[in-house]
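Here are my notes from a pass through the model, written as numbered points. I start with one of the helices and work outward from there.

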Amino acid sequence: MMRTTVPPVACVGEPRLTAGFAEFGRLDLMAHEDVHGPIGPMEPATLLRLAEAIDLKGKGGAGFPFARKLRAVLESCERQDLGAVVVVNATEGEPASWKDKVLLTRAPHLVLDGAALAAYALDAEEIVIGVADDEVGGPSLADALAERRMPVPTTVVTVPHRFISGEGGALVNGINGLPHIPPGTKRRASDSGVNNLPTLLSNAETYAQLAVAARLGPYEYAALGTDDEPGTVLLTVTGSAARPAVVECAAGTPLREILELCEVPDGPGILMGGYHGKWITPEAADRAEVSRKGLAAVGGTLGAGIVIPLARDTCPLGEVAQVVRYLAGESAGQCGPCKMGLPDLARAVDLAVSGSAPVEIVRAAAGDVKGRGACSHPDGTARFALSAMEVFADDLRLHTTGDGCGKRVKGVMGLPGAPDANPQKLTLDWSRCDGHGLCAHVVPDFIRLDANGYPAFPATPVPTWLREGALKAVKVCPELALRLAKAE
């Protein structure tokens, strides 16, 4: 279930982004300056040197070097003789993530400080901050903007709280008054973004880290973290955690220390990085360090800093299938790998989980979308599904018998909205079916024809976005062999 309130905040070691939370709760401008001290503007070369010295990478998931973005915008402005726009991506479309919402609700001035530093260095025309329409971070941000003067006009743009709304191109589209979906073709915001101006676009935590580093300087900033990844990391820990929280820790902190702090019970696996992330085994979690390099070494990824452990009494493959269906439904629907490939991947996962098909069908469907999308959504979804097939191989073998693993699907992955209140499954009366194949033509994303020309579909509930098609398939069956019934 997705939380409707900001989760608690915890810290392992010295707090930086979360400094002052224990004393003040939310830091207004006076408390913010008391905790963090003053900050002044920086010239472009100085800010570039700082970002390079601390190897600041984007905290939204992709981990792109901030200095390279900043340099690209500076060069684009000079080349085109245009002004720049600074965009703060605080949309946090990932349902299981809460770190940016924590910053907006409790430390909004850190985010604004970082954006102001970038705007001054770029001599930007404006700052635009994108937030979700969930009313979580917006009010606090508005209060913070009313408390201070920004160096350039600063506006807040609200976007739909959808998974793909947080994609950089989708946010730029939304700010420009276009649909909040990724553009059909890949383009660099540093060349042409908001109002067709060179645009510096980065995540809210990235700007907050920049503000901390500007105060501390590169050497003191690097006193925490690793040589490869100085500073701290914000993690959202949910799933089976008895004490879910947003946790700040130094990069390089053992993952096991975070799991123990949040009272995570033993389980079959842990999702690292969110819905576009990768699953790791409990054994890998014991060896992992919280950093990009440390997690990659055990087959995981830091991504957007999301940690979702599962408990032993939860069906991991059932949870995975729910998320893949959700991701398929979040498609922008404007390129083949998303529009057709992701529903096919969701169906393949359903078939494998129900024991109706071997795992190879998932690998084939994932291979059909990887590297072919207009944005990273197909690649991320395929990565999530494939890593689940590897980490939960033992459970998958139990599912191939058709009996399943005997565990319940609890809906602990943070999916938005309530679970389907009326799950429905397709059933087939074999004594009536003559193999006309009409049903497979009506809803090919769920029903396929087997080698003998008869309909085949998973025993799992019909995804909500295919429910209408399934009902139509029932109606067109000339032998009345197909039924849509309540799933037990």
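1. The buried residues of α2 pack against four helices: α1 (21-24), α6 (108-122), α7 (138-147) and α9. Keep in mind throughout that this is a predicted model.

2. Which residues of helix α2 (residues 29-36) are buried? They are L29, A31, H32 and H36. Their arc around the axis is only 160°, so they sit on the same side of α2. Look at the other side of the helix and you find M30 and D34, both exposed. Put together, α2 has a buried side that carries two histidines, H32 and H36, and another side where M30 and D34 are exposed.

3. If you check the backbone where α2 ends, the residue that follows is G37, and its phi is positive, near 85°.

4. Helix α3 can be read in a similar way. Its buried residues are L47, L48, L50 and A51. Viewed down the axis of α3, these fall within an arc of 160°, so they line one face of the helix. The cover over them includes α4 (66-80), α6 and α9. Note that α6 and α9 come up for α2 as well, among the helices its buried residues pack against.

5. Now the pairing of α3 with α9. Two packed helices are described by the angle between their axes and the distance between the axes. For α3 (residues 44-53) and α9 (residues 204-221), the angle is about 90° and the axes are 10 Å apart. Angles of 65 to 115 degrees count as roughly perpendicular, and α3 and α9 are therefore roughly perpendicular to each other.

6. Which residues make the contact between α3 and α9? From α3 come L47, L50 and A53, and they meet L210, A213, A214, G217 and P218 of α9. By type, the contact residues divide into seven nonpolar, one polar and no charged. L47 and L50 take part here and are also listed among the buried residues of α3.

7. Two non-glycine residues with positive phi are worth a look if you plan to go through the backbone angles. D55 comes just after α3, in the loop between α3 and α4. Phi of D55 is near 50°, a positive value in a residue other than glycine. With a relative accessible area of 33%, D55 is partly exposed.

8. The other one is E263, which is not a glycine either, yet has a positive phi of about 55°. You will find E263 in the loop between α10 (255-261) and β8 (270-272). Is E263 buried, exposed or partly exposed? Its relative accessibility is 44%, so E263 counts as partly exposed.

9. Finally, the overall picture. The protein has 19 helices and 14 strands. Its radius of gyration is 24 Å, close to the 23 Å that the globule rule gives for 488 residues, so the protein is as compact as a globular protein of that length. Along the principal axes, the C-alpha atoms fill a box of roughly 80 × 50 × 35 Å.

10. On burial and contacts, 56% of the 488 residues count as buried. Among contacts with a separation of 6 or more, 72% come from residues 24 or more positions apart. The contact of α3 (residues 44-53) with α9 (residues 204-221), with pairs drawn from L47, L50 and A53 on one helix and residues including L210 and P218 on the other, is a handy place to zoom in.

Technical notes. Residues are numbered from 1 along each chain as its sequence is written. This is a predicted model: local features need pLDDT of at least 70, side-chain atom pairs count only at pLDDT 80 or more; totals for chains, interfaces and linings use all residues. Side-chain values use heavy atoms; hydrogens and water are left out. Axes are lines fitted to C-alpha atoms, for helices over the stretch in contact, and angles run from 0 to 180 degrees between N-to-C directions. Angles under 35 degrees count as roughly parallel, over 145 as roughly antiparallel, 65 to 115 as roughly perpendicular and the rest as oblique. Contact means heavy atoms within 4.5 Å. Ala, Val, Leu, Ile, Met, Phe, Trp, Tyr, Cys and Pro count as nonpolar, Asp, Glu, Lys and Arg as charged, and the others, Gly among them, as polar. Buried means under 20% relative accessible area, exposed over 50%, partly exposed in between (1.4 Å probe, protein chains only). The arc is that of the directions from the helix axis to the C-beta atoms. The radius of gyration is taken over C-alpha atoms; the globule rule is 2.2 Å times the number of residues to the power 0.38.
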